[in-house]
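Colleague: I am new to this structure and would like a close look at a single part of it. Please pick one loop, go through it in detail, and then work outward from there.

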Amino acid sequence: MKIAFVGKGGSGKTTLSALFARYLAGLGLPVTAIDADINQHLGTALGVRPAELAGIPALGAHLAEIKELLRGDNPRIASPEQMTKTTPPGRGSRLLDLSPGNPVHRRFAHRVAGVELMLTGPFSEDDLGVACYHSKVGAVELYLNHLVDGPGEYVVVDMTAGADSFASGLFTRFDLTFLVAEPTLRGVGVYRQYVDYARDHDVRVAVVGNKVQGPEDEEFLREHVGDALAVCLGQSAFVRAMEKGRHLDLAELEDGNVKALAWMRDAVDGVAKDWPKFTRQTVEFHLRNARAWANSAAGADLTTQVDPDFVMGPEALAAQRAAD
């Protein structure tokens with residue numbers, strides 16, 4: 001399942017992304033974690049040392065390489081230069097799974113605490129003043145568009161803060177979005193903004209209350225977000241240790257917070273996979289981008305990249321394997 005963590009800056013979404021990924025990996029489940037936040041703190045939260053982080057190749061810095069790989073021999077895509085972040089897969093595209101042979105993982109992933117970590121990467125000196133961060137996050141969108149994740153497999157993405165996720169179709173790429181909210185007016189304000197933008201796109205959003213100190217905080221969250229409040233995590237000495245760079249064994253996590261993580265996994269597993277919807281949304285946002293700016297930028301009609309008879313999912317992956 002593909003899972004996003006969103007919320008206002010400082011809400012704890014990066015910490016919970018790391019904690020949830022570690023929890024799943026601790027159960028022996030295959031987990032990929034992607035840092036798609038401009039602040040790039042997920043690796044640190046997972047316990048990767050600075051020297052190791054510096055050696056992980058960033059997805060956003062190798063977009064042309066990723067496009068060349070994913071284009072495969074799809075006849076509708078004339079060249080990697082004509083691929084955009086929304087270009088949908090079709091027959092001939094290189095589809096991915098979460099097996100050890102995943103070529104994107106082999107090139108860009110760093111294994112830590114049982115998790116395959118990938119980084120979008122920060123702004124470089126050359127980007128300042130001339131590029132937006134979404135040009136880098138496009139690598140994540142392409143990866144997710146071409147990924148067939150199976151039962152019991154998880155991709156956890158730490159997203160940009162606030163409503164920045166809506167600058168592309170990336171927000172529709174997930175089976176479930178956890179919006180991390182502190183019991184404050186600003187925390188619940190981000191929730192209202194997020195669901196308002198997502199309302200017409202069939203995006204599942206569940207609120208995770210964080211830094212909750214008691215029933216009064218929980219009641220505050222429920223008053224403002226209603227039934228969207230799924231679970232609450234309390235103040236945690238374990239999390240405080242994480243934030244100070246000490247990564248304790250998960251056995252030391254407080255019982256209440258372990259139960260919260262277990263509920264979150266159950267919530268994710270309870271979502272039915274809908275590959276036709278995933279495909280429709282991919283196409284919808286590609287057509288929007290093509291008509292709004294990409295056709296002009298490429299000097300070509302990129303709406304023709306849509307393969308009308310293609311549906312993303314396990315059957316498409318099986319067809320690719322048979323052809324190989």
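**A loop and its surroundings**

Modeller: The loop between strand S2 (31-35) and helix H2 holds glutamine 40. Everything here refers to a predicted model. Glutamine 40 has a phi near 55°, which is a positive value in a residue other than glycine. Its relative accessible area is 15%. The limit for buried is under 20%, so glutamine 40 counts as buried.

For comparison, there is a second residue to look at. Alanine 113 lies in the loop between strand S3 (110-112) and strand S4 (115-119). The phi of alanine 113 is near 50°, again positive and again in a residue other than glycine. Alanine 113 has a relative accessibility of 47%, and therefore counts as partly exposed. A positive phi also turns up at glycine 72, which follows helix H4 and has a phi near 55°.

The residue numbered next after glutamine 40 leads to the largest pocket. His41 is among the residues nearest the centre of that pocket, together with Gly10, Gly12, Thr14 and Thr15. The lining has 17 residues in total, and the pocket holds about 300 Å³ of space. Three helices each supply at least two residues of this lining: H1 (13-26), H2 (42-46) and H9 (237-243). H1 gives the most, with three residues. By kind, the lining consists of 10 polar, four charged and three nonpolar residues.

H1 also has a part in the next element. Among what covers the buried residues of helix H10 are H1 and the strands S1 (2-7), S5 (154-158), S6 (176-181), S7 (205-212) and S8 (229-234). H10 runs over residues 255-269 and has 15 residues. From its first C-alpha to its last it reaches 21 Å, close to the 21 Å expected at 1.5 Å a residue. The buried residues in H10 are Asn257, Ala260, Leu261, Met264, Ala267 and Val268. Seen down the axis, these buried residues fall within an arc of 115°, so they line one face of the helix. Asp255, Lys259 and Asp266 are exposed, on the other side of H10.

One of the elements covering H10 is strand S1, and lysine 2 has its place in this strand. Lysine 2 has a relative accessible area of 1%, so it is buried. Setting aside neighbours within four places in sequence, its contacts are Leu144, Leu147, Asp149, Val155, Arg173, Phe174, Asp175, Leu176, Lys273, Trp275 and Phe278. The chain separates lysine 2 from threonine 177 by 175 residues, yet their C-alpha atoms are 8.7 Å apart.

Three of the contacts of lysine 2, namely Phe174, Asp175 and Phe278, come up again at the largest cavity. The model has three cavities of 30 Å³ or more, and the largest has a volume of about 140 Å³. It is lined by 15 residues, of which Phe174, Asp175, Asp274, Lys277 and Phe278 are the closest to its centre. Helix H11 (residues 275-298) gives the most to this lining, with four residues. The lining of the cavity divides into eight charged, five nonpolar and two polar residues.

That leaves helix H4, which was mentioned above for the glycine that follows it. H4 spans residues 63-71 and includes leucine 69. The buried residues of H4 are Leu63, Ile66, Lys67, Leu70 and Arg71. These cover an arc of only 125° around the axis, which puts them on the same side of H4. Leucine 69 is partly exposed, because its relative accessible area is 26%, and the buried range stops under 20%. Apart from neighbours within four places in sequence, leucine 69 is in contact with Arg94, Pro103 and Val104. Between leucine 69 and serine 296 there are 24 Å in space, C-alpha to C-alpha, and 227 residues in sequence.

To return to the starting point, glutamine 40 is a buried residue with a positive phi, in the loop between S2 and H2.

How values were computed:
Residues are numbered from 1 along each chain as its sequence is written. This is a predicted model: local features need pLDDT of at least 70, side-chain atom pairs count only at pLDDT 80 or more; totals for chains, interfaces and linings use all residues. Side-chain values use heavy atoms; hydrogens and water are left out. On a 1 Å grid over the protein atoms alone, a cavity is a set of points where a 1.4 Å probe fits but cannot get out, and a pocket is an open set with protein on both sides within 12 Å along at least five of seven lines; lining residues have an atom within 4 Å of a point. Grid points are joined across faces, edges and corners, and a volume is the space filled by probe spheres set on the points. Ala, Val, Leu, Ile, Met, Phe, Trp, Tyr, Cys and Pro count as nonpolar, Asp, Glu, Lys and Arg as charged, and the others, Gly among them, as polar. Buried means under 20% relative accessible area, exposed over 50%, partly exposed in between (1.4 Å probe, protein chains only). Contact means heavy atoms within 4.5 Å. The expected span of a helix is 1.5 Å times one less than its number of residues. The arc is that of the directions from the helix axis to the C-beta atoms.
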